[in-house]
Amino acid sequence: MKLSARQIAVTAALLAICIVSQFFKNTSVFLTGPVINACIILAGLYAGLSCGLILSVITPVTAFFISGSPVISAIPAIMPAIMIGNALLVVCTCLLNRRIHTKAGAALSMLAGSVAKSLFMGIAISLILIPMLLPEKMQPKMSVFQTTFSIVQLITAVIGSFYALIIRIPLGRYMDRA
C-alpha cells in the first residue's frame, strides 16, 4: 500500500481533529462520537478506504489514552470490537458510495455503514463481551455500558454521517481542485 502525500495530509488533518475532539469525550459522547465518525467517513471518501481504515484503528486507541474508559480497562477485548465497528462504517460507506452515484446514494451509504457499525458493536460488545466479562463490581452499570455500545453508537454514527454530508459539499469542491 503506497499512500500519496495528499492522502497522508488529509488523514493527518482528520486524525488531529479526532484527537482534539477526544479531549471533550468526558463532556459528552454526543459531541466526540459524531466528530470521530465524520472524520472516519471523510477519510475513507477523500483519502481512500485504506486511510479510513487507518483512522478506524487509531482513534479508539487515542481515545483510550486521552480520556480512558473503565469498561475498556476491565474488558480489553472491547477495543478491537470498536475498531471493527469503525471499519464496518467506513467500508460500507465507501463501497456503497462507489456503487450509488447520486446525492441520495452518499446518504444511504453512510446510513448503511452506521447501521452495520452499531449492529456489530451491539451484538459483539453489548450482548457478548459485556455480559460474559464484566467484573462483578461493575455489574450495576451493565445496562449503561450496553446502551453505550449499541444505541448510542447508532445515534453518534448517524449524526457523524450527517456532519460528513454537510462537510462534503465544500470539501468536495476543494478536494476536486487539489
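**Helix packing and buried residues in the predicted model**

In α2, residues Ile 36, Cys 39, Ile 40, Ala 43 and Gly 44 form contacts with Leu 49, Cys 51, Gly 52, Leu 55, Ser 56 and Thr 59 of α3. By residue class, this contact of α2 with α3 comprises seven nonpolar and four polar residues, with no charged residue taking part. The model is a predicted one, and in it helix α2 spans residues 29–46 while helix α3 spans residues 49–67, the two packing at an angle of about 155° with their axes 6 Å apart. Because angles over 145 degrees count as roughly antiparallel, α2 and α3 are therefore assigned to that class relative to each other.

The packing of α1 with α2 is described by an angle of about 175° and an axis separation of 9 Å, which makes α1 roughly antiparallel to α2. On the α1 side the contact involves Arg 6, Leu 14, Ile 17, Cys 18, Ser 21 and Gln 22, and on the α2 side it involves Thr 32, Val 35, Ile 36, Cys 39, Leu 42, Ala 43 and Tyr 46. The residues of this contact of α1 with α2 divide into nine nonpolar, three polar and one charged.

The largest nonpolar core contains 20 residues, of which Leu 14, Ile 40, Ile 41, Leu 42, Leu 55 and Ala 164 touch the most other members. At least two residues of this core are supplied by each of α1 (5–22), α2, α3 and α5 (78–99), and the largest share, eight residues, comes from α2. For Ala 164, when neighbours within four places in sequence are left aside, the contacts are with Ala 38, Ile 41, Leu 42 and Met 110. A second core, separate from the one just described, consists of 17 residues and includes Ile 72, Ile 75, Ile 82 and Leu 129.

Two threonines were examined individually. Thr 59, located in helix α3, has a relative accessible area of 2% and is therefore buried, the cut-off for this class being under 20%. Apart from neighbours within four places in sequence, Thr 59 is in contact with Leu 15, Cys 18, Gln 22, Ile 36, Ile 40 and Asn 86. For one of these partners, Ile 36, the C-alpha atom is separated from that of Thr 59 by 7.6 Å, although the two residues are 23 residues apart along the chain. The side chain of Thr 59 also reaches the backbone oxygen of Leu 55 at a distance of 2.8 Å. Thr 93, in helix α5, likewise counts as buried because its relative accessibility is 0%. With residues up to four places away in sequence not counted, Thr 93 touches Ile 41, Leu 45, Ser 109, Met 110 and Gly 113.

A further set of contacts centres on Gln 7, a residue of helix α1. The side chain of Gln 7 reaches the backbone oxygen of Ala 47 at 2.6 Å, and a polar atom of the Gln 7 side chain lies 2.8 Å from the backbone nitrogen of Ser 4. When residues up to four places away in sequence are excluded, Gln 7 touches Lys 2, Ala 47, Gly 48 and Cys 51; of these, Cys 51 is also listed among the α3 residues that meet α2.

Conventions: Residues numbered from 1 in each chain as written. Predicted model: local features only at pLDDT ≥ 70, side-chain atom pairs only at ≥ 80, totals over all residues. Heavy atoms only, no water. Axes fitted to C-alpha atoms, helices over the stretch in contact; angles between N-to-C directions. Helix = DSSP H or I, 4+ residues; strand = E, 2+ residues; numbered from the N terminus. Parallel < 35°, antiparallel > 145°, perpendicular 65-115°, else oblique. Contact = heavy atoms within 4.5 Å. Nonpolar A, V, L, I, M, F, W, Y, C, P; charged D, E, K, R; others polar. Core = buried A, V, L, I, M, F, W, Y, C linked by side-chain atoms within 4.5 Å. Buried < 20%, exposed > 50% of the residue type's maximum accessible area, 1.4 Å probe, protein only. Polar contact = N/O pair within 3.5 Å; in protein donor to acceptor, adjacent residues only side chain to side chain.
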